[in-house]
Amino acid sequence: MLNFRLPSHLRPYYRAELQAARAAAGRHNMAAAFAHLERAHVLGQRWALPHTHTHLLMLRHGLRTRDGREILGQLVRLIGGFPLSLFGRIPTGNTGGANVPAEQSMPIPADLQAILARSAIS
């Protein structure tokens, strides 16, 4: 099964993380902005379009902060992330930043785990 779009019941949570990232960046709190992008990544990583969108935003973050490691890491993730999420080959809980290996599974924060579990039931 191909996974393109985020299920509608997850969209408000995903959008809330993106809005929180924009707000933090507007306050010049780039660490908080990136943390919200990581949370959005965890929510959307199983679906190709939000997964790719989050990596584009992480790339933009890397460009704004002039973080070469993040820029390079996001370019690599943009190439591989779309097809891997499209076919469900993404490690669970990975936060998507260049500070962690792209193939490493990670624990999902309890609040996001509850959101994802509720969505699996719906």
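A crossing of two helices is left-handed if the near helix is turned anticlockwise from the far one by less than a right angle. Keep that in mind for the helix pairs below. The model is a predicted one.

Start with helix 1, residues 11–26. Its 16 residues should span 22 Å at 1.5 Å a residue, and the end C-alpha atoms are indeed 22 Å apart, so expectation and model agree. Now look at which residues are hidden. Tyr14, Glu17, Leu18, Ala21, Ala24 and Ala25 are the buried residues of helix 1. Viewed down the helix axis, they fall within an arc of 125°, so the buried residues line one face of helix 1. Arg15 and Gly26 sit on the other side and are exposed. The buried residues pack against two partners: helix 2 (30–44) and helix 3 (48–64).

Just past the end of helix 1 comes His28, with a positive phi of about 65°.

Next, the pairing of helix 1 with helix 2. Their axes lie 7 Å apart, and the packing angle is about 165°. Angles over 145 degrees count as roughly antiparallel, so helix 1 is roughly antiparallel to helix 2. Helix 1 passes helix 2 in a left-handed crossing. On the helix 1 side, the contact residues are Tyr13, Tyr14, Glu17, Leu18, Ala20, Ala21, Ala24 and Ala25. They meet helix 2 residues that include Met30, Ala33, Leu37, Ala40 and Gly44.

Turn to helix 2 and helix 3. Here the axes come within 9 Å and cross at roughly 165°. That angle makes helix 2 roughly antiparallel to helix 3. This crossing is left-handed. Helix 2 contributes Met30, Ala33, Phe34, Leu37, Glu38, Ala40, His41 and Gly44 to the contact. Helix 3 contributes Pro50, His51, Thr54, His55, Leu57, Met58, His61 and Arg64.

One residue of that contact deserves a stop. His61 is found in helix 3. Is His61 buried or exposed? The relative accessible area of His61 is 11%. Buried means under 20%, so His61 counts as buried. Leaving out residues up to four places away in sequence, His61 touches Met30, Ala33, Phe34 and Leu37. These four also appear among the helix 2 residues that contact helix 3. Met30, Ala33 and Leu37 are also among the helix 2 residues that meet helix 1.

Note on methods
Residues are numbered from 1 along each chain as its sequence is written. This is a predicted model: local features need pLDDT of at least 70, side-chain atom pairs count only at pLDDT 80 or more; totals for chains, interfaces and linings use all residues. Side-chain values use heavy atoms; hydrogens and water are left out. The expected span of a helix is 1.5 Å times one less than its number of residues. Buried means under 20% relative accessible area, exposed over 50%, partly exposed in between (1.4 Å probe, protein chains only). The arc is that of the directions from the helix axis to the C-beta atoms. Contact means heavy atoms within 4.5 Å. Axes are lines fitted to C-alpha atoms, for helices over the stretch in contact, and angles run from 0 to 180 degrees between N-to-C directions. Angles under 35 degrees count as roughly parallel, over 145 as roughly antiparallel, 65 to 115 as roughly perpendicular and the rest as oblique.
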